[in-house]
Amino acid sequence: GGGGGEGVVFEPVKQVVNLDSVLDLRVLPSRDISSPMKAMIIAANREEIYYQLPSLDTKILQGHEDVVLCVDVSHDSTWLASGGKDSKIQIWRLSEELPNRVTPTYTCTGHTDPIGSLCFSRKSVSFFVSGSQDKTIKFWNFSGKTNPQPEYTVKAHDKDINCVCVSPNDKIIASCSQDKSIKIWTTQLELKATMKGHKRGVWCIAFSPVDQVLVSSSGDNTIRLWSLSDHSCLKILEGHTTSVLRVMFLDPQGMQIISADAEGLIKLWSIALSECVGTMEAHDDKAWSLCLLRHKSLLPTRVEGEGENNKKKKMMVDGGDEITVVSGGGDGKVIVWEDATMVEIADAQAKAEERVVQEQAFSNALRKQDYHRALEIAFALGNKGRILSVMEYVLPDHSAITHLLKSLSSDHIRRLLGFIRDWNTIGKYSGVAQLTLHVILQIYSPKQIMEMGADINQIIQAIIPYTDKHFSRFSKLLQKSYILDYTINSINNHLGPSSSPSVFHDDDDDDDADADDDADADADADDADADA
């Protein structure tokens, strides 16, 4: 699934529209493997929260007096927290048995400005933290039995706080702000470290699921990886052209990152390669929110195992983990991206196996001198190297190459002309290109050729300059051969008949000369007999 390889592929499978700007969202997981998503919780630039079921039945949650800016769900999916411009935090109880039952339970006050970020503890449901535009972070004890109270409060940053998050082991807290800094705190909100490096405000941060690493995204269009041991910057990932609004680790191994930017693009990153490995055009406006849902795949996975006599064989096992990505943007859309990695891998394997079969069929046809079949396979493979091989085999036999080219369709001739254009630019293949072109021009009239496709004129125009170049080169070689021929003849005349014959003379001329010498010798012998 999405966790293993470098090239993860996602494709949209569902889209929710008619919303205002989607500022934040969360997904509740389901126990049903056939329907891994239980519900979506959407903050859509309104006082209400949208609680949407897979059936698209939507429950509207009312409790805030102003726009809801952020939401988060406890790790066991039993509690929902929301924060808004009304400076309040609402706590909602989520029913495990009844998916559409959401009960407002507690209201938390204490912040004096809009609340921009909330995060529950990751291992338990014992606390949550909040970050506000009042520049403070609050640590809230939470038991689920009484109204939560802020146990610790600290003025954390000099400007608005954009994001707070809790580490996977619940031991440290991270925050980021428009003041360009990232800060690491204990659970008592004691400052451990300040990390600086971004040139503009930091929009989002996230902990690695396995390593002592933090990832951050910023308005300076970059993503940075930070060491939590020495708080140094490990890597800078560049590729976005606008502010990177959301970032998180994609796979459980912490080797891939997913990010969303102000142009609505979503990018996949390989940490090992330090580069972007995929871009999805997601939204027509800012992509404000990203959410991940990990679940088991329904598709079987092909693996290598031990068969009889310790021989390796391919087996199909139960599907591995898959990842569903949900994105929301300023265009009012919520898009569900399904992990299509296994499908892509299966397709690639099938294509590779088919290609091996085709390559073997091509070799067999060439060995049997079934050039028509070999050429058909080469065209199906789209391999101009294989087509060149067929041409090199057949060209010495003019009648065979003529018969072969006559049997091709006009589309194949058009494609062949495109290959001739490419071969013609390479010196060692130009002879094959010119001879093949010569036969085509003998078979088809210029009018027939021009009617073979809209791009045929462009192909011909590209062939002409290199053909002129080759003609000029051969003309110069021919002229030089005359000079060489004259030089060798002059040397022969000077050295006498014992010298080597000209390499440019025909053998017939040499035979005639030898015959003349023999005739002169016979005449001299006759004269000698007469004198005697």
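**Figure 1. A salt bridge within helix α5 joins D411 and R414.** The side chains of D411 and R414 meet at 3.0 Å, N to O; a salt bridge here is a side-chain nitrogen of Lys or Arg within 4 Å of a carboxyl oxygen of Asp or Glu. Both residues belong to helix α5 (residues 410-423), where they sit 3 residues apart, about one turn of the helix. Helices (H or I, at least four residues) and strands (E, at least two) are DSSP runs, numbered from the N terminus. D411 counts as partly exposed because its relative accessibility is 36%; buried means under 20% relative accessible area, exposed over 50%, and partly exposed in between (1.4 Å probe, protein chains only). As you look around, please keep in mind that this is a predicted model, in which local features need pLDDT of at least 70 and side-chain atom pairs count only at pLDDT 80 or more, while totals for chains, interfaces and linings use all residues. Residues are numbered from 1 along each chain as its sequence is written, and side-chain values use heavy atoms, with hydrogens and water left out.

**Figure 2. R421 and D422 pair in a salt bridge.** The closest N and O atoms of D422 and R421 are 3.3 Å apart. Both partners are partly exposed: D422 has a relative accessible area of 24%, and R421 has one of 29%. A search of the whole structure finds 12 salt bridges.

**Figure 3. R122 and D72 meet in a salt bridge.** Here the N to O distance is 3.9 Å. R122 lies in the loop between β10 and β11 (127-132), whereas D72 is in strand β6, so the pair ties together parts that are 50 residues apart in sequence. The two ends differ in their surroundings: R122, at 36% relative accessibility, is partly exposed, while D72, at 3%, is buried. Zoom out a little and you will find a network of salt bridges that links D24, R26, D72 and R122. As a reminder, side chains of opposite charge can pair when their charged atoms come close.

**Figure 4. The largest pocket has a volume of about 1500 Å³.** On a 1 Å grid over the protein atoms alone, a pocket is an open set of points where a 1.4 Å probe fits, with protein on both sides within 12 Å along at least five of seven lines. Grid points are joined across faces, edges and corners, and the volume is the space filled by probe spheres set on the points. The lining holds 44 residues, and R26, D72, R122, M248 and L290 lie nearest the centre; lining residues have an atom within 4 Å of a point. By class, 28 of the lining residues are nonpolar, 9 polar and 7 charged. Nonpolar covers Ala, Val, Leu, Ile, Met, Phe, Trp, Tyr, Cys and Pro, charged covers Asp, Glu, Lys and Arg, and the others, Gly among them, are polar. Strands that each supply at least two lining residues include β2 (24-29), β6 (68-73), β10 (115-120) and β26 (289-296). The largest share, 6 residues, comes from β14.

**Figure 5. β14 and β15 form a hairpin with 5 residues between them.** All the residues of β14, 6 of 6, are buried, so this strand is largely enclosed by the rest of the structure. β14 runs antiparallel to strand β15 (residues 172-177), and 5 bridges join them; two strands pair if DSSP finds at least two bridges between them. To find your place along the pair, look for C165, which stands opposite A174 in β15. In the loop between the strands lies D170, a residue other than glycine with a positive phi near 65°. D170 counts as buried because its relative accessibility is 11%.

**Figure 6. Strands β18-β19-β20-β21 make an open sheet with antiparallel pairing.** β18 and β21 (233-238) stand at the edges, each with a single partner strand, so one side of each is left without a neighbour in the sheet. On average, neighbouring strands are turned by 20° against each other, direction ignored; the strand axes are lines fitted to C-alpha atoms, and angles run from 0 to 180 degrees between N-to-C directions. β20 (residues 222-227) pairs with β21 over 5 bridges in the antiparallel sense. A handy landmark is T222, whose bridge partner in β21 is E238.

**Figure 7. S274 has a positive phi near 55°.** This residue, which is not a glycine, lies in the loop between β24 (265-270) and β25 (275-281). At 34% relative accessibility, S274 counts as partly exposed.
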